[in-house]
Amino acid sequence: MGIEEHLGYNILTTTLEKLVDWGRKSSLWPATFGLACCAIEMIVTAANRYDIARFGMEAFRASPRQADLIIIAGTVCKKMMPAIQRVYDQMSEPKWVIAMGACATSGGIFDSYAVVHGIDTYLPVDVYVPGCPPRPEGLLYGILKLHEKILRDPFLTRQYRERLAARREEAA
Amino acid sequence: MSAVELLQTKFPEEVVEVVEFRGDTTVVVKPGRIVEICQTLRDDPDLSFRYLSMIAGLDHLPQSPRFGLVYNLYSHKNHDRITLKTYLSSDTNPVIDSVTPVWNTANWHEREIFDLMGIRFHGHPDLRRILMPADWVGHPQRKDYPLRGK
């Protein structure tokens, strides 16, 4: 068909968007960022038994400027929130957020004045992973779901940010 | 002379009640001369309560007096403990003298109680929030503070 006929079987054709998305999802670098017990499960996910490197994610970056993904792994205190916001703002585009566990999703068991009830009130979350804490399989499943999402919509993060900005405007 | 006897002789007006429970002594005192009482317990050469283990704030809402403080003292010399307990006279504007001049460690303990319970310590060198963010409104460990915050 078309141009492939003339190129033979040595060359594959695709769209630029697909190629970029494939690259993005295949080397999603998470920020080194853990908050509570969920962080322990996240570390286990990165270690040899579950081996997050299978999905091109072994490079946990110590600098948010080199990371595409932030996994909010644990309870977010209100006092911690400015630091998280700052790390998120420092990450370069495009960037994604996973809310790992009950606390990051909704505050979990901490029905308290000191805890943020759901990180999605501040950051645009792409994938929620339920559990308290989620097992490494759960986190990996969430990451694979995120991969699917990245493949499907290249402008995903911008959409989410715009939606969040609209929500904030509404609230203000 | 035991700590209780000493307090009863030196501060007969201040000692309200002495409670013994399983070998632990609690002395309930009036809040007015708390610094002198603490100083006496610390400086008495036989007792030597040189170590303040902790201060706790109490909120007994809806009872009155509402606010109280508990001082747990320890004597390394005698391996002895004593608890001082006091109830503040005002339910709306609780104030007590700071014991920071007696034990330096009281500085942060009192800041924590100020932060979470809203009890003010007169004469404290640096009374500001220690746990909650600096711009926080209210004192979250009070009984009438909403669980999820305001």
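**Exercise 1. Helix packing in chain A**

Task: Work out which residues of H3(A) meet which residues of H6(A) in this predicted model, and how the two helices are oriented.

Solution.
- Start with the contacts. On the H3(A) side they involve Glu41(A), Met42(A), Val44(A) and Thr45(A). On the H6(A) side they involve Pro136(A), Leu139(A) and Leu140(A).
- Sort them by class. This contact has five nonpolar residues, one polar and one charged.
- Take the geometry. H3 spans residues 37-46 and H6 spans residues 136-152 of chain A. Their axes lie 9 Å apart, at an angle of about 75°.
- Apply the cut-off. Angles of 65 to 115 degrees count as roughly perpendicular. H3(A) and H6(A) are therefore roughly perpendicular to each other.

**Exercise 2. The nonpolar cores**

Task: Find which members of the largest nonpolar core touch the most other members, and which elements supply the core.

Solution.
- Count the members. The largest nonpolar core has 37 residues.
- Pick out the best connected. They are Ile70(A), Ile71(A), Ile72(A), Val76(A), Ile98(A), Ala99(A) and Met100(A).
- Trace the suppliers. In chain A, H3, S1 (69-73), H4 (81-90), S2 (96-100), H5 (101-106), S3 (127-129) and H6 each give at least two residues.
- Look beyond chain A. A second, separate core has 29 residues, among them Ile37(B), Leu41(B), Trp103(B) and Met117(B).
- Zoom in on Ile98(A). Setting aside residues up to four places away in sequence, Ile98(A) touches Leu69(A), Ile71(A), Ile72(A), Asp126(A), Val127(A), Val129(A), Gly142(A) and Leu146(A).
- Add the background. In soluble globular proteins, nonpolar side chains tend to be buried together.

**Exercise 3. The build of chain B**

Task: Describe the fold order of chain B, and test its radius of gyration against that of a compact globule.

Solution.
- List the elements. Chain B has three helices and seven strands. From the N terminus, the order is α-β-β-α-β-β-β-β-α-β.
- Test the radius. A compact globule of 150 residues would have a radius of gyration near 15 Å; chain B has 16 Å, which agrees.
- Check the extents. Along the principal axes, the C-alpha atoms of chain B fill a box of roughly 50 × 30 × 25 Å.
- Check the burial. Buried residues are 27% of the 150 in chain B.
- Check the contact range. Of contacts in chain B between residues at least 6 apart in sequence, 48% join residues at least 24 apart.

**Exercise 4. Leu116(B)**

Task: Decide whether Leu116(B) is buried or exposed, and list its contacts outside its sequence neighbours.

Solution.
- Place the residue. Leu116(B) lies in H3 (residues 106-117) of chain B.
- Count neighbours. Leu116(B) has 20 C-beta neighbours inside 10 Å, so it counts as buried.
- Skip neighbours within four places in sequence. Leu116(B) then contacts Leu131(B), His139(B), Pro140(B) and Gln141(B).
- Check one pair. Leu116(B) and Leu131(B) are 15 residues apart in sequence, with their C-alpha atoms 8.1 Å apart.

**Exercise 5. Unusual backbone**

Task: Locate the cis peptide bonds at Pro133(A) and Pro62(B), and the positive phi of Asp51(A) and Ser48(B).

Solution.
- Recall the rule. Most residues other than glycine have a negative phi, and most peptide bonds are trans.
- Take the cis bonds. Cys132(A)-Pro133(A) has omega about -15°; Pro133(A) sits in the loop between S3 and H6 of chain A. Leu61(B)-Pro62(B) has omega about 5°; Pro62(B) sits in the loop between S3 (51-59) and S4 (67-75) of chain B.
- Take Asp51(A). Its phi is near 55°. Asp51(A) lies in the loop between H3 and S1 of chain A. With 14 C-beta neighbours inside 10 Å, Asp51(A) counts as partly exposed.
- Take Ser48(B). Its phi is about 55°. Ser48(B) lies in the loop between H2 (34-43) and S3 of chain B. With 16 C-beta neighbours inside 10 Å, Ser48(B) counts as partly exposed.

How values were computed: Residues are numbered from 1 along each chain as its sequence is written. Chains are lettered from A and ligands numbered from 1 in the order in which they are written. This is a predicted model: local features need pLDDT of at least 70, side-chain atom pairs count only at pLDDT 80 or more; totals for chains, interfaces and linings use all residues. Axes are lines fitted to C-alpha atoms, for helices over the stretch in contact, and angles run from 0 to 180 degrees between N-to-C directions. Helices (H or I, at least four residues) and strands (E, at least two) are DSSP runs, numbered from the N terminus. Angles under 35 degrees count as roughly parallel, over 145 as roughly antiparallel, 65 to 115 as roughly perpendicular and the rest as oblique. Two residues are in contact if their C-beta atoms, placed from the backbone, lie within 7 Å. Ala, Val, Leu, Ile, Met, Phe, Trp, Tyr, Cys and Pro count as nonpolar, Asp, Glu, Lys and Arg as charged, and the others, Gly among them, as polar. A nonpolar core is a set of buried Ala, Val, Leu, Ile, Met, Phe, Trp, Tyr and Cys residues joined through C-beta atoms within 7 Å. A residue is buried if 20 or more other C-beta atoms lie within 10 Å of its own, exposed if 12 or fewer, and partly exposed in between; C-beta atoms are placed from the backbone. The radius of gyration is taken over C-alpha atoms; the globule rule is 2.2 Å times the number of residues to the power 0.38.
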